[in-house]
Amino acid sequence: MDLHNGVQPPHTLLDRYADYLRSERSRTEPTVTAHREHVAAFLKDVGDSPTELSRQMSASYVLAFFTQRAQGKRLTMRRRLQGVLRSFLRFCFQKGYLDRDLGAVIPCIRSYKLSGVPRGISEPDALKTLECIDRTTPKGRRDFAIIHMLHCYGVRGGQVRALQLTDIHWRESRIRFPSSKGGKELVAPLTEPVGHSLLDYLRHGRPPASYPQVFLTVQHPIRPLRSPAVISEMVHQRLNRAGVNNPHKGSHIFRHAFATRMLQRGQSLKTIADCLGHRNINTTFIYTKVDVDALRQAVLEWPEVSA
């Protein structure tokens, strides 16, 4: 489509951006969906066509939208919004819909390495959350199995969501979690409690479907859990129902708790990194801040620093 000769695009600007993410950026469908939601809100007041965008878009509009939308959001959400808007505005500039890249006006969001302390869920609260799940329903069996794995293995929600039936090796008592976010895949022993919760779900809770993924929706249309946020939202609801008071209520609190437990039990940083799927041990250093006594006992594991 050539904006300058007046030819109308075959579909909306939002659709063209989604096609660009799929074909030229090789983004997954959940990522495309997340981008669409932010960009749709961004275009609400300026129109969803290249012509309207070119006429109404300005640096002040971009800055005002980002400031208003990011206000009160967590750092991760602000960064995500920043990345989506910069990606979209860069796309518009490259395609000739804008005469300059307005993504440059979006302010930088600074953060500092190891500046925060991971906040995991306590063992009593984790057990309380599991005990409060009604396992007589298909949804309860599914949610119990998911949270049980998060607690036992410290994997990411995305790894649980991507888990396939062939990843569970019953005879060998092993389970394989695919890699996530550039990390390594994890192959771990299939513990008896997790195995029982999985069998309970597969036999009495999982809808009959030909999908390879283990965990599916419980309502029609039956399909895999596709949204990146669906497991964190489920965990949030289960924590609330159990009356668990934690400042963070996403699935990641079980990952933080898993790493903290390992550190408190005297496991080396290398072992913790391997269990979390970290390729670089530097990613694991954040957990040393939660237990000073364990850190004193592990001083030899820090990389050498030249004087």
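**Strands and core, question by question**

User: How many bridges join strand 2 to strand 3?
Analyst: Keep in mind that this is a predicted model. Strand 3 covers residues 186-189 and runs antiparallel to strand 2. One of the pairings puts Ala188 of strand 3 opposite Ile175. The number of bridges joining the two strands is four.

User: What is the bridge partner of His169 in strand 2?
Analyst: Strand 1, residues 168-169, pairs with strand 2 in the antiparallel sense over two bridges. In the hairpin they form, four residues sit between the strands, and Ser173 takes a positive phi near 55 degrees. Over in strand 2, the partner of His169 is Arg174.

User: Which residues of strand 2 point to one face and are buried?
Analyst: In a regular strand, side chains alternate between the two faces of the sheet. Strand 2, residues 174-177, does alternate: Arg174 and Arg176 point to one face and aren't buried. Pointing to the other face, and buried, are Ile175 and Phe177.

User: Which helix gives the most to the largest nonpolar core?
Analyst: That core has 37 residues, and Met149, Tyr153, Ile175, Leu198 and Phe215 touch the most other members. Elements giving two or more residues include strand 2, strand 3, helix 9 (192-204) and helix 7 (138-153). With seven residues, the top contributor is helix 7.

User: Which strand 2 residues, Ile175 and what else, is Met149 in contact with?
Analyst: Leave aside the neighbours of Met149 within four places in sequence. Its contacts then include Val160, Leu163, Val194, Leu198 and Phe215. From strand 2, Met149 touches Ile175 and also Phe177.

Terms used: Residues are numbered from 1 along each chain as its sequence is written. This is a predicted model: local features need pLDDT of at least 70, side-chain atom pairs count only at pLDDT 80 or more; totals for chains, interfaces and linings use all residues. Side-chain values use heavy atoms; hydrogens and water are left out. Buried means under 20% relative accessible area, exposed over 50%, partly exposed in between (1.4 Å probe, protein chains only). Two strands pair if DSSP finds at least two bridges between them. A nonpolar core is a set of buried Ala, Val, Leu, Ile, Met, Phe, Trp, Tyr and Cys residues joined through side-chain atoms within 4.5 Å. Contact means heavy atoms within 4.5 Å.
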